[in-house]
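Me: I have a model open and would like to talk through how it is put together. Shall we take it a piece at a time?

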Amino acid sequence: MSVNHEVVYTKDWILSKIYSGDFNSHKPIPSQYEISRQLDISRDAIELAFHELITEQIITEHFQEGYFVKEKPPFNYPVDELKSITSMIEEAGYAAGTLIISQDIEQPSLDDKNVLNIEDDRKITVIERIRTANEIPVVYCLDKVNMPYFEMDSSINSRSLFDALMDAGLAISYATTEIESIGYEPYISNALECAPEDSLLLFKQIHYNENDEPVLYSMNYFKSSQVKFKIRRTKKD
């Protein structure tokens with residue numbers, strides 16, 4: 001980052017406008033030319049200040065629209081804690097909802113059998129749904145339950161799948177998780193009503209019961225503009 005006085009001054013001036021609410025995510029920040037004239041600072045310094053603020057994820061550029069304050073995601077999802085999406089949404093003060101796209105009893109694929117440790121001809125329940133917050137799409141979920149006749153009643157629209165599984169005798173104790181960044185996936189991005197610049201973060205998880213038996217194989221696609229992820233990391237000696 002720059003040690004140039006003009007760049008630092010410009011950044012602090014823009015940040016003060018953000019903190020005061022003069023600049024926000026709903027209207028463009030004044031152009032570099034306008035700020036250069038107002039502050040009597042060179043265009044090169046203004047351009048570098050904008051570049052650093054973009055790198056620091058404080059402002060963002062919208063194609064053909066200008067620069068905006070980057071909107072903060074309303075939801076926090078702890079990576080090091082097994083928390084339901086329902087809890088994530090409700091803790092932020094939103095109403096959690098579910099749009100069920102499909103629910104079917106299916107023959108598991110070879111991958112499903114390997115993940116869920118299925119050695120016979122039993123079938124699984126596959127549920128495709130969108131999790132919403134105040135009816136706004138936030139997470140696309142593809143859940144594969146290691147049970148052929150898992151029933152989801154109407155209350156699943158407002159409650160956690162974890163709770164429904166517990167009622168069915170499939171209580172979850174822990175999960176293993178793989179996290180992958182997805183730039184754009186046509187079907188899922190459209191289902192989540194993603195903007196062109198929205199990326200997705202895929203949580204691919206295998207959930208186990210207290211006997212270390214896999215009971216749920218889930219793929220959750222989080223809309224990056226809506227969810228922020230947190231984890232505490234410690235340094236090993």
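Me: Happy to start in the middle: which residues does methionine 219 touch, leaving out those up to four places away in sequence?

Reply: First, a friendly note: this is a predicted model, where local features need pLDDT of at least 70, side-chain atom pairs count only at pLDDT 80 or more, and totals for chains, interfaces and linings use all residues. Residues are numbered from 1 along each chain as its sequence is written, and side-chain values use heavy atoms, with hydrogens and water left out. Taking contact as heavy atoms within 4.5 Å, methionine 219 touches Tyr140, Cys141, Leu142, Lys144, Leu202, Phe203 and Lys204.

Me: Which residues touch the most other members of the largest nonpolar core?

Reply: A nonpolar core is a set of buried Ala, Val, Leu, Ile, Met, Phe, Trp, Tyr and Cys residues joined through side-chain atoms within 4.5 Å, and buried means under 20% relative accessible area (1.4 Å probe, protein chains only). This core has 19 residues, and those touching the most other members are Tyr140, Ile188, Leu192, Leu200, Tyr217, Met219 and Tyr221.

Me: Which element gives the largest share of this core?

Reply: Helices (H or I, at least four residues) and strands (E, at least two) are DSSP runs, numbered from the N terminus. Helix 5 (110-116), strand 5 (124-133), strand 6 (136-145), strand 8 and strand 9 (214-223) each supply at least two residues. The largest share, 4 residues, comes from strand 8.

Me: Which strands stand at the edges of the open sheet?

Reply: Strands pair if DSSP finds at least two bridges between them. The 6 strands of the open sheet follow the order 4-5-6-9-8-7, with antiparallel pairing. One side of each edge strand has no neighbour in the sheet, because each has a single partner strand: these are strand 4 (96-106) and strand 7 (174-182).

Me: Which residue is the bridge partner of threonine 176?

Reply: Strand 7 runs antiparallel to strand 8 (residues 200-208), and 9 bridges join them. In strand 8, the partner of threonine 176 is isoleucine 206.

Me: Within what arc do the buried residues of helix 3 fall?

Reply: In helix 3 (residues 43-55), the buried residues are Ala45, Ile46, Ala49, Phe50, Glu52 and Leu53. What covers them includes helix 1 (5-20), helix 2 (32-39), strand 1 (59-62) and strand 2 (66-69). Going by the directions from the helix axis to the C-beta atoms, these buried residues line one face of the helix, because seen down the axis they fall within an arc of 165°.

Notes
Buried means under 20% relative accessible area, exposed over 50%, partly exposed in between (1.4 Å probe, protein chains only). The expected span of a helix is 1.5 Å times one less than its number of residues.
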